[in-house]
Amino acid sequence: MKDSHGRTIDYLRISLTDRCNFRCVYCMPEDGVCQMAHDEILRIEEIERLVRVAAGLGIKSVRLTGGEPLVRKGVVDLVAAITDVPGIENVSMTTNGVLLPRMIDDLKAAGLSRVNISLDTLDADQFRAITRVGRLEDTLAGIDAALEAGLNPVKVNAVAVRSLDQDFLEFAKLSIDRPLHVRFIEYMPVGDTSEDAGTGWGKADVIPSEELFQIINRRAAAAGLPSLRAAGSAKPLGWGPARYFEFPNARGTVGFISPLSRHFCSECNRLRVTADGKVRPCLFSDDEYDVRQALRAGDDEAARDVLLTALGAKPDEHHDKVGTDRKMSQIGG
C-alpha cells in the first residue's frame, strides 16, 4: 500500500509490552514506567487479528518489539500465528537477548526468521551501568544462541553515544569471524530520555554516522586492519534504512543508521503499533490512532480504516522534531 507521499508501506512494528527485564538509562527511569494495566494491552488474539487486517492491506513484514518482547506470555504462539497469516513473508524480533538461550529453539520452530539484539557496550561494568540490572554475558549468550540456531540475519544494534566512549572498532570486529551484522544507531535524545531523565546525555552526545565511520577506519588503520568498504554479497536482508559496509573477507557487515544526520524519511516503509493498540505513523510524532477498540469489537473493517487513516497521516519527514510524550519502552522503538 502507498502513503500520501508515494512510499510503499509494507512493514509493521508491533510492541507486545511496555515491560522489560532491563532498565536502560535512555529508555526508562530506574523504577520503570507506570505500567499499563493488563486490560489495556492488546491481547494475543487481537494482535493476530491486526496482522491479518494489515496483511490484507499489503503489509508483508512484521517485527515484534517491546519493552522486551520475550517477557510477554504467549510470544511463541504469537510468532507461529503471525507466520501462518497469508501475505506475511517475514517475522522478526528486537530483543535484549537475555531470554534467547532458553527460547530460541521454540521461536525458530514457530517461524521467527531473524533477530536484532540490542547491545550498546562490550564493557561489562558499563553494560551494567547502562542497563542498571543486566549482565553483559547474558546478552552475549543470546547472540551466540541466535547464531547457533541459524537465524539469518542476526543483527546487533548499538546506540552510539559520545560520552560513553564506546570501543567502536571492537564492535565492528564482531562482524569479521561470524555472520553477525553490527549496526551503529545515532543516539536520538527523544522526549525526556536525555539530560532531565538522568542520563546526562544531550545533543552533544550525538555522533553523526559519517564521523563514526571515520573513527572506526582510523582505529582500524592503527590496529593494522583494512578500512571498511561498501558491503557486497554479505549485505543482510532487511527492511530498514541502514547503510552497510564490511571488512574485506568478513563474514558479516557493519551498518550505520542515521536518523538525525541523514534523514531517511523518503525511504520510510513502516507503521508502528504500541502495546496498548495505538497506531503511530512516525516515531518522532505524538500523533496516534486507536485501533484497540476496533480489534476488541472484532470489527475488521473498522481496524482497516484506522490503519488507512494512520497511513494517510504519515508525514513527508520529521522536520527535526525529536520529541514524544511517551518513553521509548512505551512506543516500541
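# Chat about cysteines, strands and a sheet

Student: Which cysteine sulfur is closest to the sulfur of C20, and why is there no bond?

Tutor: The closest one belongs to C24, and at 6.2 Å the two sulfurs are too far apart for a bond. A disulfide here is a pair of cysteine sulfur atoms within 2.5 Å. One caution before we go on: this is a predicted model, where local features need pLDDT of at least 70, side-chain atom pairs count only at pLDDT 80 or more, and totals for chains, interfaces and linings use all residues. Residues are numbered from 1 along each chain as its sequence is written, and side-chain values use heavy atoms, with hydrogens and water left out.

Student: How many disulfides does the rule give, and what about C268?

Tutor: The count is zero. C268 is in no disulfide either, since the nearest cysteine sulfur, in C282, is 6.8 Å away.

Student: Is C20 buried, exposed or partly exposed?

Tutor: C20 is partly exposed, with a relative accessible area of 21%. Buried means under 20% relative accessible area, exposed over 50%, and partly exposed in between (1.4 Å probe, protein chains only).

Student: What share of the chain is buried?

Tutor: Buried residues make up 56% of the 333 residues.

Student: New topic. How many helices and strands are there?

Tutor: Ten helices and twelve strands. Both are DSSP runs numbered from the N terminus: helices are H or I with at least four residues, strands are E with at least two.

Student: How are the strands ordered in the sheet?

Tutor: The twelve strands form an open sheet in the order β7-β8-β9-β6-β5-β4-β3-β2-β1-β10-β11-β12, with mixed pairing. Two strands pair if DSSP finds at least two bridges between them. At the edges are β7 (229-230) and β12 (289-290), each pairing on one side only.

Student: Which strands does β1 pair with, parallel or antiparallel?

Tutor: β1 runs parallel to β2 (residues 61-65), joined by five bridges, and S15 stands opposite T65 there. β1 also pairs in the parallel sense with β10 (residues 270-273), over four bridges, with R13 opposite R272.

Student: And which residues of β1 are on each face?

Tutor: Y11, R13 and S15 are on one side, L12 and I14 on the other, and all are buried. As a general point, side chains in a regular strand alternate between the two faces of the sheet.

Student: Where does an antiparallel pair turn up?

Tutor: Strand β11 (residues 278-280) and β12 run antiparallel, with two bridges. V279 stands opposite Y289 in that pair.

Student: Which residues of helix α2 are buried, and what covers them?

Tutor: In α2 (residues 75-83), V75, L78, V79, A81 and I82 are buried. They span an arc of only 165° around the axis, so they sit on the same side of α2; the arc is taken over directions from the helix axis to the C-beta atoms. Their cover includes α1 (44-57), β2, β3 (90-95) and α3 (100-110), where contact means heavy atoms within 4.5 Å.

Student: Where are the cis peptide bonds you can point to?

Tutor: One runs from G66 to G67, with omega near 15°, and G67 is in the loop between β2 and α2. Another runs from N152 to P153, with omega near 0°, and P153 lies between α5 (136-148) and β5.

Student: What is the phi of N249, and is that residue buried or exposed?

Tutor: N249 has a positive phi of about 70° although it is not a glycine. N249 counts as exposed at 75% relative accessibility, in the loop between β8 (243-246) and β9.
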